[in-house]
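Please open the model in your viewer and keep a selection tool at hand. The stops below say what to pick at each point and what is there.

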Amino acid sequence: MSSIAAALAATPSPSPSVVPDVNVTPGVVGFIAIALVAVATIVLVVDMTRRIRRTRYRSEIRERLEAEANGTAVDGPATDESERRAGEDGRADVGDDTERG
C-alpha cells in the first residue's frame, strides 16, 4: 500500500499552460453557424408575423360576412355626428384616456 502512495506522490502534476486563443475561439466556422441561425430566426419571425396577420384579417372578414348575413352589420352609415367624426380619422373613443390632454 505504501508503494502505491509513494508512486502517486512521485508523479508530478501537470503544470498549468497557456492555451492559445486560436484553440478556444469558434473562428470563422462558428461565426458562419451563428449568422445562419440569426438569419433563419429572422425569416421565421417574419413568416410568423405574416401568418398571424393573415389569420387575423381572415377572422375579421369572416365576422363581417356573418354579421351581414345575420343582418346585424355594424359598418352601416353613420347617423350621429360623433360617429361620422370617428370614421373620418379611423379612430373611435373606446374608453382609453391616454390620448386626451
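## A walk along the model

Begin by selecting Val28, Phe31, Ile32 and Leu36, which together make a nonpolar surface patch of about 450 Å² in this predicted model. Within that selection, put the focus on Phe31, a residue that lies in helix α3 and is exposed, its relative accessible area being 62%.

Next, zoom out and display the whole protein as a cartoon, in which four helices and zero strands are to be found, so that the order of elements from the N terminus on reads α-α-α-α. If you then turn on a surface for the protein, the exposed area comes to about 9500 Å², with carbon and sulfur atoms supplying 61% of it. Of the 101 residues in the protein, 2% are buried.

Before going into side chains, colour the model by pLDDT, for which the protein averages 75, with 52% of the residues scoring at least 70. Which elements have the lowest and the highest mean pLDDT? Select residues 81–89 to see helix α4, where the mean is the lowest among the elements, at 52, and then residues 27–70 to see helix α3, where the mean is the highest, at 94. Where pLDDT is low, the predicted coordinates should not be read in detail.

Return now to helix α3 and show the side chains of Arg51 and Asp47, which meet in a salt bridge with a distance of 2.9 Å from N to O. The count of salt bridges comes to one. Why are these two residues about one helical turn apart? Arg51 and Asp47 are separated by about one turn because they stand four residues apart in helix α3. Side chains of opposite charge can pair when their charged atoms come close. Are the two partners buried, partly exposed or exposed? Arg51 is partly exposed, with a relative accessible area of 48%, and Asp47 likewise counts as partly exposed, at 31% relative accessibility.

For the last stop, select Arg50, Arg53, Arg54, Arg56, Arg58 and Arg62, which gather on the surface in a patch of positive charge. One of these, Arg54, has its place in helix α3; with a relative accessible area of 41%, Arg54 is partly exposed, and its value is therefore over the 30% that a patch residue needs.

Note on methods. Residues numbered from 1 in each chain as written. Predicted model: local features only at pLDDT ≥ 70, side-chain atom pairs only at ≥ 80, totals over all residues. Heavy atoms only, no water. pLDDT = per-residue confidence, 0-100. Salt bridge = Lys/Arg side-chain N within 4 Å of Asp/Glu carboxyl O. Buried < 20%, exposed > 50% of the residue type's maximum accessible area, 1.4 Å probe, protein only. Patch = residues over 30% accessible without salt bridge, like charges linked within 9 Å, V, L, I, M, F, W, Y side chains within 5 Å. Areas by Shrake-Rupley, 256 points an atom, 1.4 Å probe, with all protein chains shown as cover. Lys, Arg positive; Asp, Glu negative; His and termini not counted. Charge placed at Lys NZ, Arg CZ, Asp CG, Glu CD.
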